[in-house]
Amino acid sequence: MNGSNKRSSSEWKVVLLLISVAVISCGVTTTLSALHVNNNNRAAHIYATPSDHQQHRRLAATEEEEEEEDNTSAQQTSTISLTSKFNEKRSFLDPSWKEWGDALVQFETLVSPAELDFTISRRLPWEQDDSPDKCDEILVLMPEYFARNGHGSQLNSYVLAAMMATYLGKAMLVLDAPQKNTKYPNGSMFGCPVDAFKDRKEFEQFKGNNHKHLEMKEDFPMGMSRLLKHSTLLSRGCKMPTCSSFTYDSWEAIRKAQREHFLNGLPPREVNCEDGDRIQRVIPLGGEEVRQFFEAQVQPLILDETKKREAYKWIIRLGANAHEAQVFIKLTKEAEIWDFVSALMARSGIIKFQPWIARDVAQFIRQIDLPLNSGYDAIHVRRGDKLETESRKEVVAYWHSQGYDRVQQFPTNYIPFRHYLRLWDSTDCENYWNGFQTQATTRLVYVATDDPTTVKEEIAKLPKGSDGTTIVAGCKKVKFIFAPSSEDSAFHINDGGGKVDCYVRYKRNIRAIADLMVLTKSDTFVGEFVSNWGRIIRLNRLILNDSPLVGERKKEISGNWLKKSSFAEDTEPPAFIRDFRVAFGELISPPPGW
């Protein structure tokens, strides 16, 4: 009898132990899964991954048609979208970084500093020792020819070159044009900060209209290096080869000849340079050649499922750890491959701005009527020259959908601002906007546009609340925020060509980078992939899924803690994207840097 009681007591303890383990396990699973769970309140903005049979392109549709569509499926992208756990809003400034980091670092990258991986150098072989062969293979990016393009295009070419160099196992260097080889006064398409001038006092007292007459520091960075601080992850600490006294003109002649190689299906021309007893093989490419090389030769290699070993080594070189590399080589869908690579490049801090850029961007952003310690949303409205080129077909499709058959009948030559706002339309908009909150609050929406006058006129025509806020979708109280106006009427860095004063150009540069940073760090972003900005922003809003269950089938947990998510697939996604809503055009983003 007593023995029987003892056994029952022991069995009961075992049962209690098993229950405790199950509860702990369930809690851990909840923590891992909470970031990508769509609860009944729709507090987290989570959208399903598009399945293979879904269209990859969505023309601008009528508001009536949008209302009939499921709000979730209408905003699908190539990966899962998320906000923080329990609808916790992110802010521009990373609160965790303020405790132990330099405040200026918050403005050096397009991602929060706490999301960067500072341990990469511990895993890269050339960082562990002075590997004699680390500089044997070099890809040289020559950005001068692409300097005629805007920020987004130049940043994308840099990202694409970085992706190719790491895949091919090459160090990547940036070769900027010397003053005599550039059309830009004072040596850079990104203008000149006060730091570039030899005599700061002379700069401050200058009353003329063109700063090119002031003496510059001889060793101050030129070209793209005036904007970006090139990562040692890419350069490996290598120096530009002298290569038998090659000049910039020598490298430029080879770059120009690359086009014929690509047109004839040949690999890019490679130059062998002697460095003591070693041979360095160098490939010079400009922004255009980078795109040609990638499309014709590198992209097929990356997507070749038989090259798993190369893929593993590549992703390690980009900053992945061993577990992440194993996850990556199992991916087969192109969209997932690019999202994984994009998220990894964002975490690795590939795009890092120079200290003077960070300083002046911080000063500009603090002038905006935007709280940096609380959440906000953002919309990018790109018009300008895009209306005559890439955006033209989307504008035509929009007005056709509105019942206008002929171009001459179109009310405007652009897609109206209200079309961007339709992405917040919802029958349960109180819950949708406020999550678990019961009191409606005013939402702050930052608007970045090259056409602020027209956009402000469009906003003025929208219904207003008693407190002066704008009513969106019937119940959303919105305060739209714009950057401070400028004496310079131009919004694009190359408006006016190379004749524009370098300091005027620099102020445009700062304004543009500030816009880009504010858009990227918003809670919800509304934009499109027609603009290079949309693609750069998307890359830097991606986050790797660090769950050990990536690629595994998700398990539904009973109870009220978790609700079944509306994923298109029943597996853990390799990456998440912060709430990104496509206003029109392609739903699926192209490869990073494209």
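1. In this predicted model, helix H7 (residues 248-263) lies across strands E5 and E6 (278-285), and its direction makes an angle of about 70° with E6. Helix H8 (residues 287-302) also lies across E6, together with E3, and runs at about 100° to E6.

2. The strands that these helices cross belong to an open sheet of four strands, whose order is E4-E3-E6-E5 and whose pairing is mixed. Strands E4 (171-174) and E5 (271-275) stand at the edges of the sheet and have a single partner strand each, so that one side of each is left without a neighbour in the sheet. Direction ignored, neighbouring strands of this sheet are turned by 30° against each other on average.

3. Within that sheet, the pairing of E3 with the edge strand E4 can be described in some detail. Strand E3 (residues 137-141) is joined to E4 by four bridges, and the two strands run parallel. Leu141 has Val174 of E4 standing opposite.

4. Turning to strand E7 (residues 377-381), I would draw attention to its burial: five of its five residues are buried, so the strand is largely enclosed by the rest of the structure. In a regular strand the side chains alternate between the two faces of the sheet. For E7 both faces are covered, since Asp377, Ile379 and Val381 on one side are buried, as are Ala378 and His380 on the other.

5. The pairing of E7 involves strands E8 and E11. Five bridges join E7 to E8 (residues 443-449), and this pair runs parallel; Ile379, one of the buried residues of E7, has Val447 as its bridge partner in E8. Strand E11 (residues 525-527) is joined to E7 by two bridges, again with the strands running parallel, and here the bridge partner of Ala378 is Phe525.

6. A helix pair deserves a separate comment. The axes of helix H17 (residues 502-520) and helix H18 (residues 532-539) come within 9 Å of each other and cross at roughly 50°, an angle that makes H17 oblique to H18. The crossing of these two helices is right-handed. On the H17 side the contact is made by Ala512, Asp515, Leu516, Leu519 and Thr520, while H18 contributes Trp533, Ile536 and Ile537. By class, the residues of this contact between H17 and H18 divide into six nonpolar, one polar and one charged.

Key: Residues are numbered from 1 along each chain as its sequence is written. This is a predicted model: local features need pLDDT of at least 70, side-chain atom pairs count only at pLDDT 80 or more; totals for chains, interfaces and linings use all residues. Side-chain values use heavy atoms; hydrogens and water are left out. Buried means under 20% relative accessible area, exposed over 50%, partly exposed in between (1.4 Å probe, protein chains only). Two strands pair if DSSP finds at least two bridges between them. Axes are lines fitted to C-alpha atoms, for helices over the stretch in contact, and angles run from 0 to 180 degrees between N-to-C directions. Angles under 35 degrees count as roughly parallel, over 145 as roughly antiparallel, 65 to 115 as roughly perpendicular and the rest as oblique. A crossing is left-handed if the near helix is turned anticlockwise from the far one by less than a right angle, and right-handed if clockwise. Contact means heavy atoms within 4.5 Å. Ala, Val, Leu, Ile, Met, Phe, Trp, Tyr, Cys and Pro count as nonpolar, Asp, Glu, Lys and Arg as charged, and the others, Gly among them, as polar.
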